[in-house]
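The following exercises ask the reader to work through one protein model by hand. Each task is followed by a solution in steps.

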Amino acid sequence: MRSSQRFELSPLIRFTLLAVYLCLVVPLPALAPSSLQPWLLIAAPLGFILVLALLSEQVNVSSSGLSVGYPSWCNWVLRRGWALNWEEIRGLIPVATSQGGTVYYFKTSHHQHQLLPQRLDRFPEFLSLVQEHSGIDTTRIGRLTPPWTYQLLAGLATLMLLGEALTAAALSQGWLAMPASGPG
């Protein structure tokens with residue numbers, strides 16, 4: 001094994017969540033009252049950067065332990081993360097979610113609980129390393145959600161973005177007109 005391995009969020013999940021953000025936020029400046037449009041034109045890219053930062057979480061696994069954090073370009077803002085040595089880990093605690101899935105928490109010798117990342121690219125490899133170093137059986141742990149849910153959501157978000165682009169093109173060509181604002 002290499003001295004340290006880095007695991008990042010699955011590209012499918014990252015793309016899906018960024019696409020959903022874009023399809024929900026991009027139309028807002030055009031639909032907002034003119035007094036709010038400049039604010040939305042500033043807030044939308046800042047929100048995109050914040051979402052991108054939140055989706056940049058990394059898990060580093062080494063022979064001494066594992067750590068969860070963010071890259072330096074956004075760590076100074078988010079300042080979240082944690083680290084555990086393998087010797088501290090005493091087990092995994094399953095917790096059912098309201099959507100019918102199961103999340104797992106590392107239980108430590110200090111009675112702390114840290115969430116096991118389950119949306120990682122190369123997730124089976126990550127679980128194998130956790131099992132190898134901690135001695136905890138991870139064979140029954142699966143992804144939090146099946147890939148088809150993100151594939152479906154990515155497809156729908158892409159269709160929404162395409163529809164918004166076509167609408168914007170039709171408006172710019174004069175094929176469509178925005179309805180007049182209400183009374184007042």
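A salt bridge is a side-chain nitrogen of Lys or Arg within 4 Å of a carboxyl oxygen of Asp or Glu. The model examined here is predicted.

**Exercise 1. The salt bridge**

Task: Determine which residue forms a salt bridge with Glu 125, and describe the setting of both partners.

Solution.
Step 1. The structure holds 1 salt bridge.
Step 2. The partner of Glu 125 is Arg 122, and the closest N and O atoms of the pair are 3.0 Å apart. The cut-off to apply is 4 Å.
Step 3. Side chains of opposite charge can pair when their charged atoms come close.
Step 4. Buried means under 20% relative accessible area and exposed means over 50%, with partly exposed in between. Glu 125 has 34% relative accessibility, so it counts as partly exposed. Arg 122, at 32%, is therefore partly exposed as well.
Step 5. Arg 122 is located in the loop between S7 and helix H5 (123–134). Although Arg 122 is not a glycine, its phi is positive, at about 60°.

**Exercise 2. A second positive phi**

Task: Locate His 111 and state whether it is buried or exposed.

Solution.
Step 1. The loop between strand S6 (102–108) and strand S7 (113–115) contains His 111.
Step 2. His 111 is not a glycine, yet it has a positive phi of about 60°.
Step 3. The relative accessibility of His 111 is 64%, so this residue counts as exposed.

**Exercise 3. The four-stranded sheet**

Task: Establish the strand order of the open sheet of 4 strands, and explain which strands stand at the edges.

Solution.
Step 1. The order is S1-S2-S3-S4, and the pairing is antiparallel.
Step 2. Strand S1 (4–8) and strand S4 (82–85) each have a single partner strand, so one side of each has no neighbour in the sheet; these two stand at the edges.
Step 3. From one strand to the next, the twist averages 15°.
Step 4. At one edge, S1 pairs with strand S2 (residues 58–62) in the antiparallel sense over 5 bridges. Gln 5 has Val 61 of S2 as its bridge partner.
Step 5. At the other edge, strand S3 (residues 65–69) and S4 run antiparallel and are joined by 4 bridges. Val 68 has Trp 82 of S4 as its bridge partner.

**Exercise 4. The two faces of an edge strand**

Task: Assign the residues of S4 to a covered face and an uncovered face.

Solution.
Step 1. In a regular strand the side chains alternate between the two faces of the sheet.
Step 2. In S4, Trp 82 and Leu 84 make up the covered face, whereas Ala 83 and Asn 85 make up the uncovered one.
Step 3. Trp 82, on the covered face, is also the bridge partner of Val 68.

**Exercise 5. Two pockets**

Task: Describe the volume and lining of the largest pocket and of the second largest pocket.

Solution.
Step 1. The largest pocket holds about 440 Å³ of space. It is lined by 18 residues, of which Glu 57, Leu 115, Pro 117, Gln 118 and Arg 119 are the closest to its centre.
Step 2. By class, the lining of the largest pocket comprises 12 nonpolar, 2 polar and 4 charged residues.
Step 3. The second largest pocket holds about 200 Å³. Its lining includes Val 26, Pro 27, Glu 164, Thr 167 and Met 178.
Step 4. Helix H2 (28–31) and helix H6 (147–173) are the elements that give two or more residues to the lining of the second largest pocket. H6 gives the most, with 5 residues.
Step 5. The lining of the second largest pocket divides into 8 nonpolar, 1 polar and 1 charged residue.

**Exercise 6. Separation in sequence and in space**

Task: How far apart in space are the C-alpha atoms of Ser 62 and Met 160, and of Leu 12 and Leu 66?

Solution.
Step 1. Ser 62 belongs to strand S2. With a relative accessible area of 18%, Ser 62 is buried.
Step 2. Ser 62 and Met 160 are 98 residues apart in sequence, and their C-alpha atoms are 41 Å apart.
Step 3. Leu 12 is part of helix H1 (residues 11–25). Its relative accessible area is 27%, so Leu 12 is partly exposed.
Step 4. Leu 12 and Leu 66 are 54 residues apart along the chain, with 23 Å between their C-alpha atoms.

Note on methods: Residues are numbered from 1 along each chain as its sequence is written. This is a predicted model: local features need pLDDT of at least 70, side-chain atom pairs count only at pLDDT 80 or more; totals for chains, interfaces and linings use all residues. Side-chain values use heavy atoms; hydrogens and water are left out. On a 1 Å grid over the protein atoms alone, a cavity is a set of points where a 1.4 Å probe fits but cannot get out, and a pocket is an open set with protein on both sides within 12 Å along at least five of seven lines; lining residues have an atom within 4 Å of a point. Grid points are joined across faces, edges and corners, and a volume is the space filled by probe spheres set on the points. Ala, Val, Leu, Ile, Met, Phe, Trp, Tyr, Cys and Pro count as nonpolar, Asp, Glu, Lys and Arg as charged, and the others, Gly among them, as polar. Two strands pair if DSSP finds at least two bridges between them. Axes are lines fitted to C-alpha atoms, for helices over the stretch in contact, and angles run from 0 to 180 degrees between N-to-C directions. Buried means under 20% relative accessible area, exposed over 50%, partly exposed in between (1.4 Å probe, protein chains only).
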